[in-house]
Amino acid sequence: MGLVTFLSQAPEVAMTPPSPSHPTAVEPPSFDVHGVEPVPEHGRDSSAMDQWWIWVGANVAPINWVLGALGITLGLSLWETLVVIAAGNAIGCAVFGAFNLMGHRTGVNQMVLGRAAFGRRGAIIPGVIQGVLTMGWVGVNTWVILDLAVAMLGELGIHGGTGLRYLVAAVVMALQLGLAVVGFYAIRSFEKYTVPATVLVMAVMTVLSLTQVDLRWSGGSAEGGREKFTAITQLLTAIGVGWGVSWVPYSADYSRFVAPRVPARRVFWATALGMYVPTVWLAALGACLAGAGKGGDPSQLVIASFGTMALPVLLLIMHGPIATNILNLYSCSLAALTVGVRVARWKVTLLAGAVATGALLLFMRSPSFAESFDHWMASILVWISPWAGVMLVEYYVLRRGRVDVASLYTHDGPPWRWRALAALGAGIVAGWCWQYGLVPAMQGPLARALGDTDFSWLSGGLVAGGLHYLLARQERRKARRGGTPAAPEVPTGV
């Protein structure tokens with residue numbers, strides 16, 4: 001059963017029936033007590049629209065604005081930049097939507113689902129990577145919004161120097177950590193009730209800013225087909241296909257709360273479009289303003305377009321990084337639980353927040369180090385597309401959209417699935433070979449040899465997914481020849 005067939009079917013009943021002490025009529029708790037065990041049916045009351053607001057909120061962020069302006073910086077014309085952004089995100093966000101279906105169907109978070117492919121112990125490797133990266137992103141994202149906050153307060157006549165920056169950082173971090181500690185239900189409510197106002201202001205801002213600039217559709221400094229092609233590949237990785245793919249390790253962490261009765265098609269489109277619409281919208285706006293000579297810095301773009309009227313816009317733009325960071329903190333705690341940390345989720349979230357706060361303080365003391373760290377973080381995302389390739393093949397091809405959920409939590413199966421780990425390793429190497437990152441060590445030989453192009457997301461995903469499929473088929477053929485029972489391609493379960 002492929003993805004198209006899967007989308008045409010309503011999801012089956014949740015794999016864990018409600019117990020007598022937890023009837024389906026029970027009101028959902030305000031505090032999320034769930035760890036990485038399957039979410040029971042009475043806790044799965046989220047709608048497709050809830051998922052839409054979660055992912056819109058996470059992507060109405062200044063970084064999309066800056067990355068949209070990157071196309072102009074690389075030498076593409078405005079219309080070329082817009083085409084690449086729109087087409088690339090259509091692919092990346094479709095992959096993201098497919099991963100959300102895994103969580104919706106099983107009620108299981110994304111890193112635990114990885115045990116189906118990598119084994120119970122093998123899944124620890126991507127779990128550790130995910131946990132460490134999410135803590136780093138919290139520090140980086142909070143550091144980024146400090147300039148916006150200080151610019152806003154400066155327009156109001158409030159100047160406090162370094163002390164003001166630390167105060168703003170403390171308030172923002174406390175808000176983020178508080179929401180993440182309470183968990184999914186608080187995150188859902190925050191996005192549901194704050195994102196619509198943010199979207200409205202951003203819509204007004206878009207109309208006003210575009211009426212004040214003279215759009216330059218043609219031109220571009222890239223000369224010849226080779227330079228343009230290089231720019232296109234780098235833009236696809238930064239804010240095209242690579243953007244949606246970079247979110248797939250988070251997806252099932254939130255879609256596992258969607259009610260089983262919600263059709264799979266609605267979950268797919270709500271999550272895919274929740275990622276696609278704000279990303280393309282803000283990236284296109286950044287490209288338009290940069291193409292008109294307004295630059296790429298978010299605070300300067302807003303102030304240049306609105307003057308003193310930019311203050312409410314700057315305030316609401318701060319919402320994006322906060323909405324992103326609460327997802328980072330929450331998913332970090334789930335990744336830690338997946339690798340074997342035996343502590344309540346909210347306690348792990350507090351620990352992750354403490355580590356992220358330490359990183360933030362380090363960044364504030366050394367902006368140059370923060371920028372270098374940000375570049376490293378972006379470069380090592382090369383692991384995600386190979387991991388995604390393995391997961392897509394495992395779930396949709398080998399298992400045909402069905403997973404024995406109980407087996408993910410037992411010690412019956414092999415602790416390590418070496419074929420998946422080998423495919424992941426080969427995919428990472430392939431991705432690095434065709435990656436042209438900001439860090440010299442992450443600029444692969446194939447990328448440099450082919451004019452600084454960057455197809456890391458494609459090479460990594462294809463090599464890992466293809467090798468995983470071939471090794472699985474070979475393993476099955478050997479089992480048949482030897483008369484050894486092979487693992488079923490379509491296991492029982494959800």
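Helix H4 passes helix H19 in a left-handed crossing, a crossing being left-handed if the near helix is turned anticlockwise from the far one by less than a right angle, and right-handed if clockwise. The contact (heavy atoms within 4.5 Å) is made by Val95, Ala98, Phe99, Leu101, Met102 and Arg105 of H4 and by Trp387, Ala388, Met391, Leu392, Tyr395 and Tyr396 of H19. The structure is a predicted model, in which local features need pLDDT of at least 70 and side-chain atom pairs count only at pLDDT 80 or more, whereas totals for chains, interfaces and linings use all residues. Residues are numbered from 1 along each chain as its sequence is written, and side-chain values use heavy atoms, with hydrogens and water left out.

H4 spans residues 78-106 and H19 residues 384-398; the two pack at an angle of about 50°, with their axes 11 Å apart. Helices (H or I, at least four residues) are DSSP runs numbered from the N terminus, and axes are lines fitted to C-alpha atoms over the stretch in contact, with angles running from 0 to 180 degrees between N-to-C directions. H4 and H19 are therefore oblique to each other, a term for angles that are not under 35 degrees, over 145, or 65 to 115.

The largest nonpolar core (buried Ala, Val, Leu, Ile, Met, Phe, Trp, Tyr and Cys residues joined through side-chain atoms within 4.5 Å) has 125 residues. Those with the most contacts inside this core are Trp55, Phe118, Trp247, Tyr254, Leu327, Trp387 and Met391. Helix H7 (residues 124-155) contributes the largest share of the core, 12 residues. Leaving aside neighbours within four places in sequence, Leu327 is in contact with Ile54, Trp55, Ala58, Ile187, Trp247, Tyr250 and Tyr254.

In the whole structure, 6 salt bridges are found, each a side-chain nitrogen of Lys or Arg within 4 Å of a carboxyl oxygen of Asp or Glu. Asp45 and Arg188 meet in one of these, at 3.0 Å from N to O. Asp45 lies in the loop between helix H1 (3-7) and helix H2 (48-59) and Arg188 in helix H9 (residues 184-211), so the pair ties together parts that are 143 residues apart in sequence. Arg188 also forms a salt bridge with Asp50, the closest N and O atoms being 3.9 Å apart. This pair links H2 and H9 across 138 residues. Arg188 is buried, with a relative accessible area of 13%, and Asp50 is buried at 8%, whereas Asp45 is partly exposed at 30%; buried means under 20%, exposed over 50% and partly exposed in between (1.4 Å probe, protein chains only).

Elsewhere, Glu394, Arg399, Arg419 and Glu475 are linked in a network of salt bridges. Within this network, Arg399 pairs with Glu394 at 2.7 Å between the closest N and O atoms, and both residues are buried.
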